[in-house]
Amino acid sequence: MRIAAPAKQGFLPSDGGPVIAVGTSQMTLTLWGLALYLFCVHSFKLPIASAGIAIGVLGVLVSARGVTVPAPLLFFAAFLAWCALTGASSAYRSTVFDALVDFLKMLLIFFVALNASKSINQLSIFIGTWVLMFGLYPARGTYFNFIFGYGTFGRYGWNFSFSNYNDLAAYTILAMALSAFLLVGRYDRWVRIGALMSTAGLALMVIITQSRGAFLGLTVAFVFLLLRSRSRAKLMKFGALAALGITLLAPGAVWERFRNMKFLLNEETIGEADSSAEQRYILLQIATTIAKANPAKGVGLGAYSEAHAEYAEERQEWQFGRGYRDAHNMYASLAAETGIPGLCLFLGMLGSVFAKLLTTEKRVRPRFPVEAEQLRILRFGLVAYTIAAIFGSIHRISFLYLYLAVLWSAATLFSELLSTPVGMTGLPSQSPASALRHGWRRGPTPWHGTGRVSRK
């Protein structure tokens, strides 16, 4: 046997080689429970989301692969313990209790999602199910409203949790990153074609919501992704095509709203952007005042709007922000509700996931460039979302925690590849045990785009 010289280096997901097998045979009780939950929280067709989580918890407990309690889950549990401790002395105890119940449910969801993917193909099923549900409901409904002109001042959204344009845009960022994860991965052509259509469609969807925060987050994160990626030419080509499609399809009101972003850079001209931007600035001032007045304990988890209604009466210049309002800023809301310690615990959860991604990406990059690219895209989604969170309180729904679970699972599974037998190109040698553990099957050729093996 002789080994031919490597053909070329780089990221070639379309070439032959190990392909991640995706099918219902890989479904577990935990994944079925998550699928039911994802259907309920996207479609609002059935009031049985809690049943889905109960099935998921049961699946985790009976699994032979054991239970995982990683750092982000511990940070989130510590955050909720702090909120319970400080909420006991809050002036809004009943509201805090209700919020704690909701967040404890999200802790369970987080726990199930972190334990759902024990192999790469199971992670792929989880991601694919989420993208599919997002496409069938808020995305389809939003495009229906866009096509028939059912919007408000040129902004388009859907119903229920997706009726707020800025929140919808932020959730779309997560779905877009997950679609791109499938697009660049080792999957069959039909998966990658579907992922390409989904990624492009979701990019336009962010634009038609006219969310400036989401647009800013996407722009900044895409620049970082472009600077670090090994596939800059492909990214630039995709970006150019997406920009062309958006330019042709997006209504004129979109560009007018984005052009007015220049007025947001100066406090004196912020009112010229639009009335919404001026109100957001007032809301941020009130939230900052509440946080400064309650730096140690905050006013209580979930009690921000009640505290806001009281503080907004203090100054005449805050009259446009009066009433039971939200801060529309995740970080300001957390600081006001849970104090600086609570904010630090929450950021610790985000930071632990980000650090895991960064470390794993650096370790796998030399031997597994495709997987490193996928981790980089997931990191791109997290960066974009956390920037969009400057303009929205988007931590009160489970999508953030589901996404963090995907990130942690992907980093964990990809780091395990480093312990597999490898061939010359750095790809697993596909022993039966390795293929079963990581969910790969043979592709048309033994290697994946970097070389070939010939026998003589």
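Which helix gives the most to the nonpolar patch? The close-ups below, taken from a predicted model, start there.

**View 1. A nonpolar patch on the surface, with helix α2 as its main contributor.** Helix α2, running over residues 49–62, gives the most to this patch, with four residues. The whole patch covers about 710 Å² and is made by Leu29, Ile55, Leu58, Leu61, Val62, Val67, Val69 and Leu74.

**View 2. Val62, an exposed residue of the patch.** Zooming in on one patch member, we find Val62 in helix α2. Its relative accessibility comes to 56%, and exposed means over 50%, so Val62 counts as exposed.

**View 3. Helix α15, largely enclosed by the rest of the structure.** Here we turn to residues 399–416, the 18 residues that form α15. Of these 18, 16 are buried, which is why the helix counts as largely enclosed. Its length works out nicely too: at 1.5 Å a residue the helix should span 26 Å, and its end C-alpha atoms are indeed 26 Å apart.

**View 4. The largest cavity and its lining.** Searching the whole structure for cavities of 30 Å³ or more turns up one. About 50 Å³ of space lies in the largest cavity. Around that space sit Asn166, Asp167, Ala170, Ser211, Gly213, Ala214, Ala388, Phe391, Gly392 and Ile394.

**View 5. Helices α6 and α8 at the lining of the largest cavity.** Both α6 (165–184) and α8 (212–228) supply at least two lining residues each. The largest share belongs to α6, with three residues.

Key:
Residues are numbered from 1 along each chain as its sequence is written. This is a predicted model: local features need pLDDT of at least 70, side-chain atom pairs count only at pLDDT 80 or more; totals for chains, interfaces and linings use all residues. Side-chain values use heavy atoms; hydrogens and water are left out. Patches are made of residues with over 30% relative accessible area and no salt bridge: like charges are joined within 9 Å, nonpolar side chains (Val, Leu, Ile, Met, Phe, Trp, Tyr) within 5 Å. Accessible areas come from the Shrake-Rupley method with a 1.4 Å probe; for residues, only the protein chains shown count as cover. A salt bridge is a side-chain nitrogen of Lys or Arg within 4 Å of a carboxyl oxygen of Asp or Glu. Buried means under 20% relative accessible area, exposed over 50%, partly exposed in between (1.4 Å probe, protein chains only). The expected span of a helix is 1.5 Å times one less than its number of residues. On a 1 Å grid over the protein atoms alone, a cavity is a set of points where a 1.4 Å probe fits but cannot get out, and a pocket is an open set with protein on both sides within 12 Å along at least five of seven lines; lining residues have an atom within 4 Å of a point. Grid points are joined across faces, edges and corners, and a volume is the space filled by probe spheres set on the points.
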